[in-house]
Amino acid sequence: FKKKFQNQNHRSGTCTVNTKKYTYKYNYLKLEYEDIEDLYEELSLEWSKKFGPYFAEQANKKEQAWQNTETGEVRFSEDMPEDEPSGSLDEAEIKDEERNEALRTLYRKISAKVHPDVGGTEEDFKKLKESYDEENLIEMLNIANNYDIPVQIEEDHLEYLDKSCKLLEKKIKDMKASTIWDYFNADINRRKMMIAHMIHNYKLQIPDEDLEDLLDISGIRKI
């Protein structure tokens with residue numbers, strides 16, 4: 001019971017399953033994700049302006065400092081766990097071996113047309129590779145559509161349609177769960193508690209006269 005794609009993002013292909021509910025949901029989530037990502041980047045810059053100098057000062061006292069750009073958490077080299085010994089196959093190789101053959105075949109078909117050597121762009125090819133690595137099927141289909149590459153969606157692809165939506169949901173959830181997001185969306189009492197936590201855990205030297213400026217989040221854009 002083959003049907004033509006009705007969704008405008010995939011008008012060039014045919015499918016054997018109904019993808020509408022997934023593509024509509026994905027496109028809605030993508031708009032939300034892009035809005036939150038833009039705001040998160042603004043908040044990250046503001047965070048760096050406020051707390052960067054204090055972390056930099058503390059880092060100079062230790063061997064090396066690491067910051068998780070998603071959570072805002074800072075850890076020093078003496079606190080970092082040692083690397084696990086690698087096996088015969090790295091994580092990416094194992095993941096690729098386990099990946100659904102239907103997804104791999106689709107990736108090869110699209111990449112053959114999107115590769116810069118055959119008329120594609122470096123940006124699109126990189127985006128396709130990232131989407132494949134993330135098993136983000138809907139984003140792969142969007143790229144295929146931009147290049148008028150006919151694709152056929154089978155039952156074997158269904159789990160990846162759902163995974164594409166869950167991937168965006170997780171990215172949104174991770175940003176909203178970050179220290180940076182929490183700080184700029186918290187009330188003043190929670191911000192005070194968070195600063196006290198950083199002073200205690202990371203031994204930051206923050207003078208009392210600096211606290212008022214650190215606590216001031218007026219003018220910060222929110223969604």
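This passage describes charged pairs, a surface patch and some local backbone details of the structure shown above. The structure is a predicted model, and the values below were computed from its atoms.

A good place to start is with charge. Side chains of opposite charge can pair when their charged atoms come close. A search of the whole structure turns up 13 salt bridges, and a few of these are worth a closer look. In one of them, the side chain of Glu139 meets that of Lys127, with 3.3 Å from N to O. Glu139 belongs to helix 5 (residues 137-146) and Lys127 to helix 4 (residues 122-133), so this pair ties together parts that are twelve residues apart in sequence. The two partners can also be placed by their accessibility. Glu139 has a relative accessible area of 6% and is therefore buried, because buried means under 20%. Lys127, at 34%, is partly exposed. The pair also belongs to a wider arrangement, as Lys30, Lys127 and Glu139 are linked in a network of salt bridges.

Helix 4 offers another example. Here the side chains of Lys129 and Asp133 form a salt bridge of 2.8 Å, N to O. Both residues lie in helix 4, and they are four residues apart, about one turn of the helix. Lys129 is partly exposed, with a relative accessible area of 34%, and Asp133 is partly exposed as well, with 32%. A further salt bridge joins the side chains of Glu101 and Arg108, at 4.0 Å from N to O. Glu101 is partly exposed, its relative accessible area being 42%.

Charge also shows up on the surface without such pairing. Glu34, Asp35, Asp38 and Glu41 form a negative surface patch. Residues of a patch must have over 30% relative accessible area and no salt bridge. One member of the patch, Asp38, sits in helix 1 (residues 20-59). With a relative accessible area of 41%, Asp38 is partly exposed, so Asp38 passes the accessibility cut-off for a patch.

What does the side chain of Ser164 lie 2.9 Å from? A polar atom of this side chain is at that distance from the backbone oxygen of Tyr160. Ser164 is found in helix 6 (residues 158-176), and with 0% relative accessibility it counts as buried.

The backbone holds some points of interest too. Most residues other than glycine have a negative phi, and most peptide bonds are trans. Against that background, Glu135 stands out: although it is not a glycine, its phi is positive, at about 60°. Glu135 is placed in the loop between helix 4 and helix 5. Is Glu135 buried or exposed? At 9% relative accessibility, Glu135 counts as buried.

Lys203 is another residue other than glycine with a positive phi, in this case near 55°. Its place is the loop between helix 8 (188-202) and helix 9 (211-215). Lys203 counts as partly exposed, at 49% relative accessibility, because the exposed class begins over 50%.

Technical notes: Residues are numbered from 1 along each chain as its sequence is written. This is a predicted model: local features need pLDDT of at least 70, side-chain atom pairs count only at pLDDT 80 or more; totals for chains, interfaces and linings use all residues. Side-chain values use heavy atoms; hydrogens and water are left out. Patches are made of residues with over 30% relative accessible area and no salt bridge: like charges are joined within 9 Å, nonpolar side chains (Val, Leu, Ile, Met, Phe, Trp, Tyr) within 5 Å. Accessible areas come from the Shrake-Rupley method with a 1.4 Å probe; for residues, only the protein chains shown count as cover. Lys and Arg count as positive and Asp and Glu as negative; His and the chain ends are not counted. The place of a charge is taken as NZ of Lys, CZ of Arg, CG of Asp or CD of Glu. Helices (H or I, at least four residues) and strands (E, at least two) are DSSP runs, numbered from the N terminus. Buried means under 20% relative accessible area, exposed over 50%, partly exposed in between (1.4 Å probe, protein chains only). A polar contact is a pair of N or O atoms within 3.5 Å; within protein, one must be able to donate a hydrogen and the other to accept it, and residues adjacent in sequence count only if both atoms are side-chain atoms.
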